[in-house]
Amino acid sequence: RSLKPQKPELKKAATAAAILQRSSSAFIKETPAPPPKNEPAPMDENGEKINRLDQMHKAHALKLAKLEQRRQQEEQDHKQRMREEALALRSKKITADTTLDPHEASARLYRDSKDLLRRRRAREYAKEEQERMLAEEAHTRRAMNRSYSDATLK
């Protein structure tokens, strides 16, 4: 029988694999298994088992209620901050007993901006009309001058 000489790289790989296999099997033997979970099912006040789906629905409803409460609190805080900022920036015309409502203020600003746009458009139309009238008068004058200077038209 003939034995072929093995290459040293193959020997190293084989010994490394054997070491790894021995160490992993030793690790598996040394690591204790987790204890089995034998927790009793949750019970309600009557001693009946609680359905997991019902538990999830109750938890979700509770979470939604908390989120709604937080949203309302943030909205109240925002309104309060807006009032405080408005009072800090108020002009001398506003008396101290005036209540400031952000919705009314935004509606007033919207109406004011629409009025400004309407007035600007009216000014632009008036200016365009005036320029058109001046252009027509200049055209008429030029036509009249040409007709008087042309001898055949007299």
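Helices here are DSSP runs of H or I at least four residues long, numbered from the N terminus. With that in hand, we can place Arg-90: this residue sits in the loop between H2 and H3. Keep in mind as you look around that this is a predicted model.

Let's start with the overall layout. The chain has 3 helices and 0 strands, so reading along the sequence gives you the pattern α-α-α, with helices counted as DSSP runs. H1 covers residues 8–30, H2 takes in residues 52–89, and H3 runs over residues 102–149.

How much should you trust each part? The mean pLDDT of the chain is 78, and 63% of the residues reach at least 70. Among the elements of the chain, H2 comes out with the highest mean pLDDT, at 91, while H1 has the lowest, at 60.

Now for the surface. What share of the chain's 154 residues is buried? The answer is 0%. The accessible surface of the chain adds up to about 15,300 Å², and carbon and sulfur atoms account for 57% of that.

Back to the loop for a moment. Arg-90 has a relative accessibility of 35%, so this residue counts as partly exposed. If you go from Arg-90 to Leu-100, you move 10 residues along the sequence, and the two C-alpha atoms are 9.7 Å apart in space.

Next, the charged side chains. Side chains of opposite charge can pair when their charged atoms come close. In this structure there are 8 salt bridges, and a few of them are worth a stop.

In H2, have a look at Glu-75 and Lys-79. These residues are 4 apart in the helix, about one turn. Their closest N and O atoms are 3.9 Å apart, and the pair counts as a salt bridge because the cut-off is within 4 Å. How open are the two partners? Glu-75 has a relative accessible area of 38%, which makes it partly exposed, and Lys-79 is also partly exposed, at 31%.

Moving on to H3, you'll find Arg-108 and Asp-112, again 4 residues apart and about one turn of the helix. Their side chains meet in a salt bridge, with 3.6 Å from N to O. Arg-108 is partly exposed at 40% relative accessibility, and Asp-112 is partly exposed at 34%.

Also in H3 are Asp-115 and Arg-118, which lie 3 residues apart, about one turn of the helix. They form a salt bridge too, and here the closest N and O atoms are 2.8 Å apart. Asp-115 has a relative accessible area of 30%, so this residue is partly exposed as well. Elsewhere, salt bridges that share partners tie Glu-68, Arg-71, Glu-75 and Lys-79 together into one network. That brings us back to the Glu-75 and Lys-79 pair in H2, whose salt bridge is part of the picture you saw earlier.

Technical notes:
Residues are numbered from 1 along each chain as its sequence is written. This is a predicted model: local features need pLDDT of at least 70, side-chain atom pairs count only at pLDDT 80 or more; totals for chains, interfaces and linings use all residues. Side-chain values use heavy atoms; hydrogens and water are left out. Helices (H or I, at least four residues) and strands (E, at least two) are DSSP runs, numbered from the N terminus. Buried means under 20% relative accessible area, exposed over 50%, partly exposed in between (1.4 Å probe, protein chains only). pLDDT is the predictor's confidence in each residue, from 0 to 100. Accessible areas come from the Shrake-Rupley method with a 1.4 Å probe; for residues, only the protein chains shown count as cover.
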